[in-house]
Amino acid sequence: MGYKKVLIILLTLSLMFVFYGCTKENKTTDVAKDIKTYKEVILSEALEVENILDVCLNNNNDLVLSIIGKDSRKYVVLDENGDVNKEINTDFSGRPNIFTFDKNNNMYILADKPELNENREITSISKKLLFYDNESDSITEDNVIGQLNDTAARSIEDTTRKIKVDSKGNIYALKLGGSIEVFDSNLNIKKVLDSTPYWDIEMDEEDNLLALKYGRDENKLDKIDTNSYKTIWSKEYSYTDGPNKIYYNKNTKNLYGINAGWVAKYDSKGDLTSRILNTGELSDIDMILDFMVDNSEEIYLTADSQDGYKLIKYIESNSETVANTGVEDEKTEIIVELTRDYDNLFTKAAKRFGEINPDIKVTVNLYPDLDEYQYSDKLNTEIMAGKGPDILYLRPWNFIRTYIEKGILVNLDEVIEKDNEFNIEGYNTHIIDNSRYNDELYTMPINYYQFYTFVLNEKLLEEKGITLDDNLTWKDVYALSEKLNENSNEQIYVLPKMDDWSLNELILMQDIDHYLDLDKKEAKFNTEEFIEALELMKSIKEDNIMHPDLLWYEIMNATNYGEIKDLSNIAIYLGQTHSYAYIQGLGSFYDGFTAVSAPKGEYTGDRLYYSDYLAINSNSQHKEEVWEFIKFIITEEAQTFDDRIIQGTFRINNNASQKQIDGMFEYQNKYPDQMEKDKSYFANEEDIDELNRIIGNLNKPKTSEPIYDVIQEEVNRFLSGEKSAEEVAEQLQNKADIYLHE
């Protein structure tokens, strides 16, 4: 899916428009109380256009579209009803879709044109700045007010993704790679803000730049004084309340953000104040590309969907309602709760399930302002009181064992035995059986979405005469360093750099059932085995086993695999694997997907992976209906609603898994030039077999216990040098004994 994103942004694939309007009740549960009711209008087949490249609101509240047709390029200005007010033809070289407006509604266009060599590699990017003051019906080369040729540009990350303009005509251009270039009105460079990569930018009415950082390590909004380029304030966000796109309306002086489909409002310090709309409850869309909010707080959104690209307008609904016929009251209602509905899976499934089962209504309640742990606390309180939703959506950090032992979850084996229509052989029974507790099935995995794969630098290992297989332990990994560095003139590393959390997960937590036997109520922390494991972790961290600079997930998150730093002196890449399509990325590191299972637990032989589950709340009055919905969620139809759902994680449904594999090969056949340009790896059937072998070795789904956080805290104190291994072992033994006998 990462490749498709790049294509969406850079190749501007065809946009398809359907004209219709619909109204739906927006019933999302939320701690923020300012939720409005909207209806959705998909604009407008009447435009008769092929491709919309970008959209922008001017200061008159008019929507302006950059459109490319078979024989023409133009801008179209729409009024509030979606009717065409004006068409502006364009005739200039370069991409016409990066544009913005100043306070006087003058349009500024930054046109990039990459220059390619014979290998279709970028050698430079020519830029033109054009100015349009609304006096004519065309924009040509005569409108160019500045131009330059960036000869330092060498990749797609040097192209511009968004521009804003201040009251002096200075242009702020956000590159795809995250740096911000500042130009004067003649396109002379004034400043480059590149100390940190930014994800999105906006400009307020006082010419302050709002710059958003969004990523794994940092979610932060900076307000920057454009006179001094000093930061006025910074607002850090958790992943629940931080936006991944922003929009600032200068007329209303309101800041908006969007994340996980939610459009929300923020105050003058960047604090979340209210949620306005959950787009997933109204729209069948796969990926949001951009959004805007006008003076009346009506929302425009561009998005990708299975039906093609959509330009959607959300209009605040009036109080008109269809007369209550009592039909809804006659339906059986079952409830599922989530903090986030990733890819709108449950929202889409509830809608489709209701169409198939008109007597059942599935209500999806969302709690976007609670993180997973806060929601877990809420759920624990409710179900221990005999309440809670009918369908329990459980993730690796929920206390599933406790729920089972307290009789909160229904035994699904008994349900399946009575259901002659359900054929468990159509699913990944290996992953399902791993989920059993004392040989009984209480949770149905709907996916398996993360595990680690050891991708081998086969060339380096062959030179050293080293062969690795699926039976590695972490002691073997440590010992590998000595073999690699025999007769070597430079330091060779076994792995890229791993953070302390990952070390704990992969070394200690894979053996947690050895150190903490919950059934026997025995702990083995104050033992030589545990102390040796701690010392092994520290040795792996400090003894040149890992590369000191190249962090494993930064390598994986690189936009262009061809630009990754040299990995030739690293023997193994720790590949976080989420779907079959990850073969294309992992295989690019060493020009081939030669891989083995990540090391198993020293004493348990366990290999961890992550799954999401559905379970039936024993307190539910509608258990049969809940089971029908659980069955539907894991059908081929529900697990293949759209490309994002298909490709997002490994699917539990066998047919859906095959569609994921087929989709990966179809992409390779359709876009070979783009993959070669990105230096991506072309997967083959042997790679699928290799990954399936690794999947077959997974045997321990990630689970949680309250004491696990305590273990992590103590391990961190050891790895930081605050405590000795013996002190940590004794502390954990005491705490575990108390925990086991509470």
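Tyr 448 and Phe 650 are both buried in this predicted model. Their rings form a stacked aromatic pair. The centres lie 4.9 Å apart, with 10° between the planes. The pair joins distant parts of the chain, as 202 residues separate the two partners. Tyr 448 belongs to strand E31 (residues 447-448). Phe 650 belongs to strand E41 (residues 650-651).

The structure holds 26 aromatic pairs in total. Another of them joins Phe 99 and Phe 101, in an edge-to-face arrangement. Here the centres are 6.1 Å apart and the planes meet at 85°. Phe 99 is buried, with a relative accessibility of 5%. Phe 101 is buried as well, at 10%. Because the cut-off for burial is under 20%, both values qualify. Ring pairs also link Phe 353, Phe 629, Phe 632 and Phe 641 into a cluster.

Charged side chains sit over aromatic rings too. Arg 161 lies over the face of Trp 199, 4.8 Å from the ring centre. Lys 538 takes up such a place over Phe 718, at 4.8 Å from the ring centre.

Phe 718 is also one of the buried residues of helix H20 (residues 706-719). The others are Ile 707, Tyr 708, Ile 711, Gln 712, Glu 714, Val 715 and Leu 719. An α-helix has 3.6 residues a turn, so residues three or four places apart point the same way. Several elements cover the buried residues of H20. Among them are helix H10 (500-508), helix H11 (512-515) and strand E34 (516-517). Helix H12 (528-542) and helix H21 (725-740) also contribute to this cover. After H20 comes Gly 721, which has a positive phi near 85°.

Elsewhere, four strands form an open sheet in the order E20-E21-E22-E23. The pairing is antiparallel. Strand E20 (245-249) and E23 are the edge strands, and each pairs on one side only. On average, neighbouring strands of the sheet are turned by 25° against each other, direction ignored. E20 and strand E21 (residues 254-259) are joined by five bridges. Tyr 247 stands opposite Tyr 256 of E21.

Tyr 256 is also a reference point for Asp 267. The two residues are eleven places apart in sequence, and their C-alpha atoms are 8.8 Å apart in space. Asp 267 lies in the loop between strand E22 (262-266) and strand E23 (272-278). Asp 267 is partly exposed, at 30% relative accessibility. Beyond its close sequence neighbours, up to four places away, Asp 267 touches Leu 255 and Thr 273. The side chain of Asp 267 also reaches the backbone nitrogen of Lys 269, at 2.9 Å.

A further loop residue is Arg 395. Its loop runs between strand E29 (391-394) and helix H5 (400-405). Arg 395 is buried, with a relative accessible area of 8%. Leaving aside residues up to four places away in sequence, Arg 395 touches Tyr 342, Glu 372, Ile 400, Tyr 449, Ser 611 and Asp 612. Both Arg 395 and Asp 267 thus lie in loops. Arg 395 is buried, whereas Asp 267 is partly exposed.

Methods
Residues are numbered from 1 along each chain as its sequence is written. This is a predicted model: local features need pLDDT of at least 70, side-chain atom pairs count only at pLDDT 80 or more; totals for chains, interfaces and linings use all residues. Side-chain values use heavy atoms; hydrogens and water are left out. Helices (H or I, at least four residues) and strands (E, at least two) are DSSP runs, numbered from the N terminus. Buried means under 20% relative accessible area, exposed over 50%, partly exposed in between (1.4 Å probe, protein chains only). Contact means heavy atoms within 4.5 Å. A polar contact is a pair of N or O atoms within 3.5 Å; within protein, one must be able to donate a hydrogen and the other to accept it, and residues adjacent in sequence count only if both atoms are side-chain atoms. Two strands pair if DSSP finds at least two bridges between them. Axes are lines fitted to C-alpha atoms, for helices over the stretch in contact, and angles run from 0 to 180 degrees between N-to-C directions. Rings of Phe, Tyr and Trp (its six-membered ring) pair if their centres lie within 6.5 Å; planes under 30 degrees apart count as stacked, over 60 as edge-to-face and the rest as tilted. A charge sits over a ring if NZ of Lys or CZ of Arg is within 6 Å of the ring centre and within 35 degrees of the ring normal.
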